[in-house]
Amino acid sequence: MNQSSATGAARFRALLPASDEEPGLATAYAYPGELTRPWLRANMVTSVDGGAWGPSGRTAELSAPADRAVMSVLRGQADVVLAGAATARIEGYRPVRPREVFTTLRAGRSATPPVAIITRTLDVHPDLLHQAPQDAPTIVFTTESAPEAKRREVSRVADLVVAGTESVRPEEVLSALAARGMFRVLTEGGPQLLSEFTSAGLVDELCLTVAPHLIGPAASRIVAGDAPSHTQDLRLRHVLESEGTLFLRYTAQ
Ligand SMILES: NC(=O)c1ccc[n+]([C@@H]2O[C@H](COP(=O)([O-])OP(=O)(O)OC[C@H]3O[C@@H](n4cnc5c(N)ncnc54)[C@H](OP(=O)(O)O)[C@@H]3O)[C@@H](O)[C@H]2O)c1
């Protein structure tokens, strides 16, 4: 792939492993070869003081062109983009738009990855349900306790999966995606959803952007919520840098 088409105007340095050559993002973020089970990659951004969103309540203040270039590559590589319903509502999720970088990354697959939303309320923006391409319909994971009329309504326009009684079970999400041939799973959070997957020990990889800002105490951390406390050791795979923003890639030990 043409390196400039992958990164836009952003220039990256490889700090670890150190190299004088500009890193290729598609190579730096390649999934492990042939996957025989779902691989869950989380892509999150944090301020230097550990905040998961800016004063607006959104991540926009933490994002820079280089971060968006990485996000595009990660989305292009993914079979599905998975998010909690609050993130979808607050960040204004819509079906993923095609990007130039997707052309080579998605050869043989739908032009864009489908979005999958996890929700109890089924409060999902209509465009996410109605405007998705036919070959990448939005997947909605919900519970048996979700309002039945809404479940029927959503199932007419999206791929509705009931995956739990009161709460969607993280394991069932990955099984249902695998049953659809979706092994390269990219979750973009939010912190609450991420805590449920980390708590279940299901996160294989964390791509963490450290934005050069202090945000203050109002924002949550990137893993937050009511899921049981847990610890997981991670192995640092690479550190890239672009205009003061760090890009750290970790895998589960
Ligand atoms: N720093 C980052 O990288 C990053 C990434 C993403 C988002 N964010 C920020 O994080 C905030 C949103 O994140 P959040 O942690 O508050 O929420 P979230 O994880 O995005 O979404 C929580 C919602 O997801 C649904 N949900 C989660 N677990 C569920 C389960 N087991 N079963 C059924 N439904 C479930 C529920 O939706 P319903 O309410 O519809 O039932 C719940 O209210 C925003 O401010 C956003 O800007 C930051």
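**Exercise 1. Between which two strands does the loop with glutamate 243 lie?**

Solution. Glutamate 243 sits in the loop between strand S10 (234-242) and strand S11 (245-252). Helices (H or I, at least four residues) and strands (E, at least two) are DSSP runs, numbered from the N terminus. The next step is the backbone: phi of glutamate 243 is near 45 degrees, a positive value in a residue other than glycine. Last comes accessibility: glutamate 243 is exposed, with a relative accessible area of 78%. Buried means under 20% relative accessible area, exposed over 50%, and partly exposed in between (1.4 Å probe, protein chains only).

Two notes apply to every exercise. This is a predicted model, in which local features need pLDDT of at least 70 and side-chain atom pairs count only at pLDDT 80 or more, while totals for chains, interfaces and linings use all residues. Residues are numbered from 1 along each chain as its sequence is written, and side-chain values use heavy atoms, with hydrogens and water left out.

**Exercise 2. Describe the backbone and the surroundings of leucine 122.**

Solution. Start with the place: leucine 122 is in the loop between S5 and H6. S5 is the strand at 115-118, and H6 is the helix at 126-130. Leucine 122, a residue other than glycine, has a positive phi, near 65 degrees. With a relative accessible area of 3%, leucine 122 counts as buried.

**Exercise 3. Find the residues around the ligand and the polar atoms that face it.**

Solution. First, count the shell: 26 residues surround the ligand, and the closest are Val45, Thr87, Glu91, Thr121 and Glu196. A residue is near a molecule or strand if one of its heavy atoms lies within 4 Å of it.

Second, sort the shell by class: eleven residues are nonpolar, nine polar and six charged. Here Ala, Val, Leu, Ile, Met, Phe, Trp, Tyr, Cys and Pro count as nonpolar, Asp, Glu, Lys and Arg as charged, and the others, Gly among them, as polar.

Third, assign the shell to elements. Strand S3 (39-47), helix H4 (85-90) and helix H9 (191-199) each supply at least two residues. H4 gives the most, with five residues.

Fourth, look at polar contacts (a pair of N or O atoms within 3.5 Å; within protein, one must be able to donate a hydrogen and the other to accept it, and residues adjacent in sequence count only if both atoms are side-chain atoms). Threonine 87 has a polar side-chain atom 2.5 Å from an oxygen atom of the ligand. For glutamate 91, a polar side-chain atom also lies 2.5 Å from a ligand oxygen atom. At isoleucine 118, a polar backbone atom is 3.4 Å from an oxygen atom of the ligand. Taken alone the ligand exposes 920 Å², and the protein buries 90% of that. Accessible areas come from the Shrake-Rupley method with a 1.4 Å probe; for residues, only the protein chains shown count as cover.

**Exercise 4. Which residues of H9 are buried, and what do they pack against?**

Solution. The buried residues in H9 are Pro191, Leu193, Leu194, Ser195, Phe197 and Thr198. They pack against S3, strand S4 (80-84), strand S5 (115-118), helix H8 (170-179) and strand S8 (184-187). Contact means heavy atoms within 4.5 Å. Now check both sides of the helix. In the loop between S8 and H9 lies glycine 190, and a cis peptide bond with omega of about 0 degrees joins glycine 189 to glycine 190. Just after H9, glycine 201 takes a positive phi of about 70 degrees.

**Exercise 5. Trace the link between threonine 138 and leucine 128.**

Solution. Threonine 138 belongs to the loop between helix H6 (126-130) and strand S6 (139-142), whereas leucine 128 lies in H6. The side chain of threonine 138 reaches the backbone oxygen of leucine 128 at 2.5 Å. Threonine 138 is buried, at 1% relative accessible area; leucine 128 is buried, at 1%. Not counting residues up to four places away in sequence, threonine 138 touches Val115, Leu128, Ala132, Ala158 and Asp159. Leaving aside neighbours within four places, leucine 128 has contacts that include Ala88, Tyr93, Val115 and Thr138.

**Exercise 6. Where is glutamine 77, and which backbone oxygen lies 3.1 Å from its side chain?**

Solution. Glutamine 77 is in helix H3 (residues 65-77). Its relative accessibility is 6%, so glutamine 77 counts as buried. A polar atom of its side chain lies 3.1 Å from the backbone oxygen of alanine 26.
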